[in-house]
Amino acid sequence: MDYKQTLNLPKTDFPMKANLAKREPEILKFWQDINLYKRLREKSKGKPLFILHDGPPYANGHIHLGTALNKILKDMIVKSRQMSGFDAVYVPGWDCHGLPIEHQVDKELGAKKQNMSPAEVRQYCRNYAEKFVNIQRDEFKRLGVIGDWENPYLTMSYDYEATIARELGKFFANGSVIKAKKPIYWCIHCRTALAEAEVEYYDHESPSIYVKFPFKEDELLSFPELQGKKVSVIIWTTTPWTIPSNLAIALHPDFEYVAAKVKHENDSEVWILAEGLLEQCMSEFGISDYKIVKKFAAKELERLACKHPFIDRDSIIVLGTHVTLDSGTGCVHTAPGHGREDYEVALEYGLDIYSPVDDDGRFTKDVPFFAGTIVFDANPMVSQKLKEVGALIKEDKLSHSYPHCWRCKQPVIFRATEQWFISMDKTGLRQKALECINQVEWIPYWGKDRIYSMIENRPDWCISRQRAWGVPITVFICNDCGGVLANEAVFDRVVDLFEKEGADCWFTLSVDELLPDGAKCPDCGGKNFRKETDILDVWFDSGVSHAAVLEKRPELRSPADLYLEGSDQHRGWFHSSLLESVGTRERAPYKAVLTHGFVVDGKGYKMSKSLGNVIYPQEVIDKYGAEVLRLWVAAEDYRDDIRISMDILKRLSEAYRRVRNTCRFLLGNLYDFSPEKDSVDYENMEEIDRYALHELQNIVKRCRRAYSRYEFFKAYHAIHNYCVVHLSAFYLDVLKDRLYTSPPASKARRSAQTAIYNILVTLLKLMAPILSFTSEEAWKYVPGEKEHLSIHEEALPDVVESWINEELADRWETILAIRSDVARAVEKARQSKIIGHSLEACIFLALPSEVFEEFKGDKDLLRSVFIVSDLRFVPREELEGDELSVEGEKLPGLVAKADLADGEKCERCWVRDKSVGTFDDHPTICSRCYHVVSA
RNA sequence: GGGCCUAUAGCUCAGAUGCGGUUAGAGCGCACGCCUGAUAAGCGUGAGGUCGGAAGUUCGACUCUUCCUAGGCCCA
């Protein structure tokens, strides 16, 4: 007889092999077909809202691991909150305006662009953005991210553009917008102002020159020892082209300066520089023969005037704490129109913000010798000129970190131009923002310090750009007096038009069509206007998303519960959103802000094409499936840098298989189980099954706590560990005998099935926010009636208090300790070739007396837990000295030994038993099986 | 150059409140073995860290301080 046929072996169609690359799209289609997002919304009506407001990625290019990580994290949060009883609405968005797209379009259009109107170029940009919105949408959906993908928000949609204009109007109305000349980063190649966020630093080779600025003759009257001498201040610069714009020389107020007598080109001269740099400079100049003739405190030289080396103009001495002794001479060449610190110190001293450079980077007509020259080309010419006038001490080259344009990668310049700013202090914006920061929960906590110091120290917000693809600064300039028309009526009119036609109409309609009736210049009463042609910084666009999305959509609200982005957004979106919201509403647009780190390679280095360590999401999806990518996001502590490598992914895919297989085994043993009909009441369940349910509650507790704190790595470890240690290696292994050999409908078997059914359902729900595909796939195989079509409509399991039994847990902790020591005894016997499978063993066990007292009546329970054929309690002395015996490690005082069990192996249940061979009609099976088979 | 952050076994994370105190724990991977009724599965055993480095505070530090190194984000 084939006794195997009489066993209840596991059966399931749930495949062992995931084949995720193929199966995931089927599950995605299922979600699409049932319209999961819509179903979730309908079923969640009336539940408390949880709003995770999506930060809009830029609609350019394909997604990368960073964006994938971000979206998966958001998805796991939204799903876990949804399953925790919230109505977790998720509206994804895209940032559509801005230079990168315009740049790409420039490339595609090439020369054709010259003949196109701004409106036509904008249409091209719009199409370009739309294309990548669609691409990225598909890529995000492929990751299993559930959201309102049919109705995302786009910063280029008409209503969004109208909101941008409306919000800008509020800043004009409250008086915080100012127009000012200010040095800003300027890309002469792109002919545009760049935000701080738009420059990147690369190494660049610059000239390095030391230049003499001679004192005016009568400036040194108070220093008799310098009378009649040729005295100069020595400066150092790596931008010779800014020398024509020099208006001052900055010294540090706390440094000591010296006048040193030197011989230079056969002339006796006196040079002034910082004492701390004297030696270094002299050796640099190759001058060994010098003598200090006087020392100064910087203060003594303040406001004295030097002569510009080749222009008839003074250069006065100013004091500034930005001066350092790291390099140069301690005397800093200051061109207020060409440097941030130069500018600031110039404001203090009332100097002109002089910047005689045009949009193309050419010197204007005011500049003698170099008018019309591109500034970078002027570098050698300036050096030459300085040499001619005898002002150049030394010329060299220096490789250093220098700002470059983020798009064209060309070096940028600092240049003062007329720009629009939102003032940080005029209306107290900075102070109010700092106060609001304290109202927000920052996760991790140090994010607060980070953004606080950024807001504390940032300059005014430059909101204007000289480009085409963006929302215009919708104000009018009076042709007669240059006054600005930016009142409520203007903005109301523009907002109306934008809502109907989009911001493009600013470019297609005439001034008269755009102006509200009866518009007059507030300054001169004039009626002739031109449009401002600058557009807004795109950070302003995304910064108003709380107004354009959270406040506008009925299903959302502001402030959001959570903003979640990479830690770079402390200066980006968190920052601009805060300023916009505080500036117009006096409160932060978010209650909490969560940040994650950056994706780096397996060694902790950032990913870059040049290092060749870039991994693309698509590679991972093709090879392992999006599920493994999700598991990666879950497994890593995202608050730090997040490492990824093919090795890490391989590990994760193995961990995935383990979890999947555990689910499969659970399913396989439920093929004939109906939870409604076959469940056994808790009180009637076997002890070990009740213990399993107790342990299950621990994992529920751990996961729920982890989810509530967004600590997915803890949930992942808890789930994985549970599957491997508790289920696979212990509980399920022990259960096999009972599940397989008992009569199918016996209470013993139904008890086990009741436990594993509950375990399975609980486990799948706990997994669902992370392993969204697999939990959904397995959900379909779970027996019994289900209320919902998708597991994502279910709630996370609650802790079942009545299943918690600490007393039972204590008892089983001891059993597991004994089991662990017994396993070592079994292993010893195995190594000695006495047994193979543990079922061949009989365990001889000596326990400490109090433990023995507790378990002496549980021989058969322990036997089954050890998965052996026989168990005998023996006195300690009987085992001591036996080379097969093992001392207890987990349970000190225990001694255990494994030996071959008596009797024959039952062909059906594989237990060795003396009863095998005693039944004439079934001579190869044991009495236990005999009763099952002959029943 | 400045601000913030990180650094525990080959890998991913721990030791539940951003607080110093028994021989630093898991899982994975690895090695060896078993099983062939979870089988491109399953089980067992074992070997691996002195907590990035140095100094200091302390009766005592992986946990506190300083400095250094490496890496990340932001800024210059």
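This note sets out points on a predicted model of a protein with an RNA strand.

1. Basis of the note. The model is predicted, so local features are reported at pLDDT of at least 70 and side-chain atom pairs at pLDDT 80 or more, while totals for chains, interfaces and linings use all residues. Residues are numbered from 1 along each chain as its sequence is written, chains are lettered from A and ligands numbered from 1 in the order in which they are written, and side-chain values use heavy atoms, with hydrogens and water left out.

2. The surface near RNA strand B. There are 59 residues around RNA strand B, and G604, D637, R664, S728 and R908 come nearest; a residue is near a strand if one of its heavy atoms lies within 4 Å of it. By class, this surface has 19 nonpolar, 11 polar and 29 charged residues. Here Ala, Val, Leu, Ile, Met, Phe, Trp, Tyr, Cys and Pro count as nonpolar, Asp, Glu, Lys and Arg as charged, and the others, Gly among them, as polar. On the RNA side, sugar or phosphate accounts for 77% of the strand B atoms within 4 Å of the protein, and bases for the rest.

3. Polar contacts with the RNA. A polar contact is a pair of N or O atoms within 3.5 Å; within protein, one must be able to donate a hydrogen and the other to accept it, and residues adjacent in sequence count only if both atoms are side-chain atoms. Which part of RNA strand B does R705 approach with a polar side-chain atom? The partner is a base nitrogen, at 3.1 Å. The side chain of H720 has an N or O atom 3.1 Å from a sugar or linking oxygen of the strand. For A729, a polar backbone atom is 3.2 Å from a phosphate oxygen of RNA strand B. The elements that give two or more residues to this surface are α12 (447-457), α21 (646-668), α24 (712-741) and α27 (806-831), and α24 gives the most, with 12 residues. Helices (H or I, at least four residues) and strands (E, at least two) are DSSP runs, numbered from the N terminus.

4. Residues in α12 and α21. D449 is found in helix α12 and counts as exposed because its relative accessibility is 52%. L666, in helix α21, is buried, with a relative accessible area of 0%. Buried means under 20% relative accessible area, exposed over 50%, and partly exposed in between (1.4 Å probe, protein chains only). The C-alpha atoms of L666 and L727 are 9.7 Å apart, although the two residues are 61 apart in sequence.

5. Buried polar side chains. Q753 belongs to helix α25 (residues 747-767) and is buried at 0% relative accessibility. The Q753 side chain reaches the backbone oxygen of N669 at 2.9 Å. H788 lies in the loop between α26 (772-779) and α27, and counts as buried because its relative accessibility is 14%. The side chains of H788 and K43 make a polar contact at 3.4 Å.

6. Helix α6. This helix (residues 158-173) has 16 residues and reaches 22 Å from its first C-alpha to its last, close to the 22 Å expected at 1.5 Å a residue; the expected span is 1.5 Å times one less than the number of residues. Among its buried residues are Y160, I164, L168 and F172. G175, which follows α6, has a positive phi, near 80°.

7. Backbone points to check. Cis peptide bonds join I443 to P444, with omega about -5°, and S558 to P559, with omega about 0°. P444 lies in the loop between β18 (441-443) and α12, whereas P559 lies in the loop between α17 (545-550) and β25 (562-566). F369 is not a glycine, yet has a positive phi of about 75°; F369 is in the loop between α9 (340-349) and α10 (375-388) and is partly exposed, with a relative accessible area of 49%. Y710, also not a glycine, has a positive phi of about 60°. Y710 lies in the loop between α23 (687-708) and α24. Is Y710 buried or exposed? Y710 is buried, with a relative accessible area of 8%.
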